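Subject: Handover of a protein structure for your review

Dear colleague,

Please find below the structure for your records, followed by an account of what was found in it. Kindly read the account with the structure open beside it.

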Amino acid sequence: MKIPKPLVEIVATGRYLPERVLTNRDLEKMVDTTDQWIVERTGIRERRLAEPEMLAAEMGARAACQAMERAGLHPGEVDLLVGATATPDRWLPSTACDMQAILGTKNAAAFDIQAACTAFIYAVTVAEGFLAAGRAEIALVVCTEKMSSITDWEDRSTCVLFGDGAGAAVLRRSANSRGILSSYLRSDGRLGDLLYRPAGGVKIPLDHKVLDEKGHLMKMEGREVFKAAVRSMAEACDVALQRAGLRAEDIDLLIPHQANMRIIEATAKYAGLPMAKVYVNVDRYGNMSSATLPVALDEALEQGRIRPGSHVLMVAFGAGFTWGSLVLRC
Ligand code: ACO
């Protein structure tokens, strides 16, 4: 099959992770759980927590600064800033605009994408469209999540799973054979109530009752989400590979969304890739929603797991439900 010519490439990445570590042992003191249960069911050993005063926009800006510095960019050169978060600091304006103010990217159009854990794939694909169409020259994608702020710390079925962090990528039109070879985006809004925050929006505005009943915090039907995640990520791997004109054996590194080690292993198995070719950091960070993929990409580049010419398959799944995938030639 013919391999498409990439129009847009990721030229640099960056990440920010809060210093504070919350281990499974720490969680044992907070809810009725054990390190053994968490490790066996999820693969997570610890996660990072932002300090209370740390804002999602600030975390994102730190990751973005690193990516811009590595790309050798002045903030004024960025003309598109696509933000992604499920944990905005405030409802208006967008977190992207708040990040723009911190970064000084004054020539950019800034807006947010909401696609939960799949948002990096969505945001990169949107930025790719702007760049490929000549509507922007340099795009900054920034995913930032303060998941600790929407976590019910008394609910053992969710609080062990999530962590805070931010990741960023700089994109521009490709002048070589490197870049995005394919992407695939899907969603199914009928499944929204399997992973959601019931209240705090227009439908059920915040009041004392909502706060007392924790209606503003994240609720999840874990088992249903698990099944859908395995199914959707498998499909997304297939489609992205097919659209890229590649086979599993052409992939040098699979970077799957890091929600649960069992989902990662099932995805790798389905895709026909050995675990040696799969990037894993869920043990150290848990699920950082949209920030998961750019943080993993940044780490994989830093560790030399991705080299010039490597083919990378990224795949994610999240609330919505949303799912999607990308194939990159690096
Ligand atoms: N410690 C100890 N026991 C627990 C814990 C815990 N932290 N959490 C749940 N349990 C118990 C349950 O109460 C249940 O007990 P019961 O049998 O007495 O009722 C038992 O463990 C089994 O619970 P299940 O929910 O069936 O456990 P499962 O094996 O499905 O694992 C998990 C739960 C880890 C949540 C899994 O379903 C999962 O990872 N789901 C996917 C989650 C996910 O990917 N979410 C993110 C999506 S991305 C986004 O957009 C944010």
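Arg70 is partly exposed, because its relative accessibility of 41% falls between the limits for buried (under 20% relative accessible area) and exposed (over 50%), computed with a 1.4 Å probe on protein chains only. Its partner Asp298 is buried, with a relative accessible area of 1%. The side chains of Arg70 and Asp298 meet in a salt bridge at 2.7 Å, N to O; a salt bridge is a side-chain nitrogen of Lys or Arg within 4 Å of a carboxyl oxygen of Asp or Glu. This pair links distant parts of the chain, as Arg70 lies in helix α3 and Asp298 in helix α11 (residues 292–302), 228 residues apart. Helices (H or I, at least four residues) and strands (E, at least two) are DSSP runs, numbered from the N terminus.

Arg70 also forms a salt bridge with Glu302, at 3.4 Å, N to O. Glu302 lies in helix α11 and Arg70 in helix α3, so this pair ties together parts that are 232 residues apart in sequence. Both pairs belong to a wider picture: Arg15, Arg70, Arg284, Asp298, Glu299 and Glu302 are linked in a network of salt bridges. In general, side chains of opposite charge can pair when their charged atoms come close.

Please note that this is a predicted model, in which local features need pLDDT of at least 70 and side-chain atom pairs count only at pLDDT 80 or more, while totals for chains, interfaces and linings use all residues. Residues are numbered from 1 along each chain as its sequence is written, and side-chain values use heavy atoms, with hydrogens and water left out.

The count of salt bridges comes to 21. One of them joins Lys209 and Glu213 at 3.7 Å, N to O, and both of these residues are exposed.

The domain assignment, which is automatic or taken from a database, gives domain 1 (8–175) and domain 2 (181–329). Their C-alpha centres lie 14 Å apart. How many residues of each domain are in contact with the other? The numbers are 50 residues of domain 1 and 46 residues of domain 2, where contact means heavy atoms within 4.5 Å. The two domains bury about 3,800 Å² between them, 62% of it on carbon and sulfur atoms; buried area is the accessible area (1.4 Å probe) that two parts lose on being put together, summed over both. In domain 1, Arg15, Cys117 and Ile121 lose the most area to domain 2, together 18% of what that side buries. Between the domains there are 7 salt bridges. A further salt bridge to inspect is that of Lys214 and Glu154, at 2.5 Å, N to O. Helix α5 gives the most to the side of domain 1 that touches domain 2, with 7 residues.

Asn281 lies in the loop between α9 (261–271) and α10 (282–285). Asn281 counts as buried, at 0% relative accessibility. Leaving aside neighbours within four places in sequence, Asn281 is in contact with Gln258, Gly286, Val295, Ala296 and Glu299.

Finally, the structure holds 0 disulfides, a disulfide being a pair of cysteine sulfur atoms within 2.5 Å. The sulfur of Cys159 is 16 Å from the closest cysteine sulfur, in Cys117, which is too far for a bond. Cys117 is buried at 7% relative accessibility, and Cys159 is buried at 0%.

Yours sincerely
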